[in-house]
Every structure is written in structure tokens, then in C-alpha cells.
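Here are some notes on this structure, set out as numbered points. Please read them with the sequence and the model open.

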Amino acid sequence: MASSLLALIDDIATVLDDVSVMTKVAAKKTAGVLGDDLALNAQQVTGVNADRELPVVWAVAKGSFRNKAILVPAALLISAFLPWAITPLLMLGGAFLCYEGFEKLAHRFLHNDGSDHAETVKALADPSVDMVAFEKKKISGAVRTDFILSAEIIAITLGTVAAASFSQQVMVLVGIAILMTVGVYGLVAAIVKLDDLGLALSKRASSLARAIGRGILRVAPWLMKSLSVIGTAAMFMVGGGILTHGIRAVHHFIETSAHDALGLPYVGAVLGGLLPTLLDAAFGIVAGGVVLALVSLGGRLFKRGSGAAA
């Protein structure tokens with residue numbers, strides 16, 4: 001009986017060790033998506049009242065947990081019964097990210113004379129604007145974007161543990177889902193409260209603390225603007241990367257171009273490393289424009305059809 005108990009404990013320890021190793025590998029593979037997720041969500045939740053920033057981040061974080069509570073079981077079911085459907089679903093998610101990124105650019109350059117922040121300030125100053133509805137719109141947009149990025153994280157993790165047992169797959173997927181959500185939204189909360197930290201430090205008695213606080217206050221606005229740009233670029237890089245990896249001919253062209261670039265003198269190493277990402281982003285921009293055009297055309301045809309029917 002004692003030997004059976006020791007054997008059981010040894011088996012459990014072995015499983016946990018394997019899970020730990022696979023979780024580390026999956027975390028490394030999804031690190032790039034984590035950076036994009038951070039930039040996108042920090043950009044999505046900026047612009048609300050200072051006293052509402054953390055509640056909004058928490059609301060989006062809860063939405064992210066709900067997303068992963070749907071995605072983890074769905075990924076396990078798809079992997080078990082419909083493994084061929086993983087790539088098409090990822091392609092749809094990539095196309096959606098490119099569409100959202102291109103829509104942001106189109107809105108900024110064609111329909112908006114100011115920035116999104118200026119639009120938010122205007123909404124805050126207008127007493128007729130329902131700020132509850134405004135916040136809900138921000139939150140729903142962030143949760144919607146999180147769903148796509150979470151799906152990619154889960155898909156990458158699933159690919160890492162494809163050969164493992166079902167129980168190990170469950171433990172790794174759940175572990176990565178929790179780790180990524182806590183990590184991303186913990187950092188987002190820290191970023192959006194940087195200005196409050198800078199203000200608090202600038203009021204301290206210590207001259208060093210005041211200097212650090214003033215530095216943070218100067219850097220924080222530039223950081224938020226940078227995250228807005230990085231967030232939009234990330235949509236094209238991540239979405240375009242998903243699409244190019246799903247289209248064999250395009251993926252082969254990008255790999256060949258990067259390999260050829262490595263042979264260039266002086267700049268070969270740098271260009272060869274950056275070229276795949278740049279080509280993924282370029283493909284994402286084109287794909288986003290095509291999807292936006294199709295959605296706009298479909299919307300107009302639907303309106304005409306509705307009008308004719310009426």
C-alpha cells in the first residue's frame with residue numbers, strides 16, 4: 001500500500017514536471033502575442049476618466065477571463081473532433097484583426113479631424129453624452145479584440161501540447177490562460193495609472209522623488225500615444241501573420257524573401273530579421289482594406305435591399 005502511494009506521488013510529480021516544462025515552452029512561443037495584446041488593450045482602455053480607469057481595466061480583464069473560459073474548452077473539442085477547423089478559424093480571426101486595424105486608420109484619416117483622445121475629451125465635456133454607454137462601448141471593443149488575440153494564444157499553446165495527454169493539455173491551457181490574462185491586465189493597469197504615480201511622487205518632500213515624478217509625468221503621455229500607434233500596428237502584424245501562415249504560397253514567398261535578404265552585405269542580418277514582420281504587416285494592411293471594402297459594400301447593398309423591400 002505504501003509503495004502504491006509512493007508510485008502515485010511519483011506519477012503526479014512527473015506529470016506536473018511535464019506540465020511545467022510545456023507551460024514554459026508555450027509561454028515563450030506566445031510572448032510575442034503577449035506584447036501585442038498588451039499594446040492593444042492599453043490603447044483600448046485609455047481615454048476614460050482617471051477614477052474609472054481601473055474599473056474599466058478590471059471589466060475588460062473579466063471579459064478576457066470569460067473569453068478564455070469559452071476558448072479553452074472549444075480548443076480542446078476542436079482539437080479532438082475537428083482538427084482541420086483550427087486553421088480556418090484562425091484565418092477568420094486574423095482577417096478580423098486586420099479589418100479592425102484598417103477601420104481605425106480609415107476613421108482617423110477620413111472621418112476624424114482630431115485624435116481618439118480628443119473625441120473622448122469632447123464626450124467627457126458634453127453633458128448629453130451617456131458616459132456609462134461610452135464606457136461600455138470601450139469595454140466591448142477591448143473584449144472583442146482580446147477574444148481574437150486570446151484565440152491565437154490558445155491555438156499556439158494547443159499546438160505546443162498537441163502530442164501530450166488530454167489531462168496535460170487541460171492543465172497547460174488553463175495555466176497559460178490565467179498567466180497571460182493576469183500578466184497583460186496587471187501591466188495595463190500599471191500603465192494607465194502611471195500619471196497618478198508621477199503626480200504622487202512629484203508632491204513628495206524628497207527632491208529625487210519629485211524629479212522622478214516629473215519625469216514620469218512627461219513620459220506618460222508619450223507612452224500612451226506610442227501604445228496607440230503600436231496597438232494599431234500590432235493588429236496588422238498579428239492579423240497579417242495569421243493570414244500569411246495560413247496561405248502556403250504567401251508564407252513561402254515571405255520565407256524566401258527573408259532568406260535572400262540575409263545575403264545582402266551590411267544590412268542582411270537586420271533586414272532578413274525584420275522583413276517577415278514587415279511583409280506580414282503589409283499583407284495585413286491590404287487584407288484589412290479588402291475586408292473593409294467588402295463589409296462596406298455589403299452594408300450598402302443590405303440597406304438598398306431593405307429600402308426596396310420597404
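**Cores, surface patch and annotated spans**

1. The largest nonpolar core has 13 residues, and Val-57, Val-60, Ile-139, Tyr-185 and Val-188 are those with the most contacts inside it. Helices α3, α6 (131-160) and α7 each supply at least two residues of this core. Note that the model is a predicted one.

2. Another core lies apart from the largest one and has eight residues. Val-72, Ala-75, Leu-76 and Ile-154 are among them.

3. On the surface, Phe-65, Val-174, Ile-178 and Val-182 make a nonpolar patch of about 320 Å². Helix α7 (residues 166-192) gives the most to this patch, with three residues.

4. Phe-65, a member of the patch, has its place in helix α3 (residues 53-81). Is Phe-65 buried, partly exposed or exposed? Phe-65 counts as partly exposed because its relative accessibility is 33%, and partly exposed covers the range between under 20% (buried) and over 50% (exposed).

5. An unreviewed UniProt entry lists residues 70-99, 147-166, 172-194, 227-247 and 267-295 under "transmembrane region". This comes from the record, and such annotations may be inferred rather than shown by experiment.

6. Two of these annotated spans can be set beside the model. Residues 70-99 are 87% helix and 0% strand, with their end C-alpha atoms 23 Å apart. For residues 147-166, the end C-alpha atoms lie 24 Å apart, and the span is 75% helix and 0% strand.

Definitions and conventions. Residues numbered from 1 in each chain as written. Predicted model: local features only at pLDDT ≥ 70, side-chain atom pairs only at ≥ 80, totals over all residues. Heavy atoms only, no water. Patch = residues over 30% accessible without salt bridge, like charges linked within 9 Å, V, L, I, M, F, W, Y side chains within 5 Å. Areas by Shrake-Rupley, 256 points an atom, 1.4 Å probe, with all protein chains shown as cover. Salt bridge = Lys/Arg side-chain N within 4 Å of Asp/Glu carboxyl O. Helix = DSSP H or I, 4+ residues; strand = E, 2+ residues; numbered from the N terminus. Buried < 20%, exposed > 50% of the residue type's maximum accessible area, 1.4 Å probe, protein only. Core = buried A, V, L, I, M, F, W, Y, C linked by side-chain atoms within 4.5 Å.
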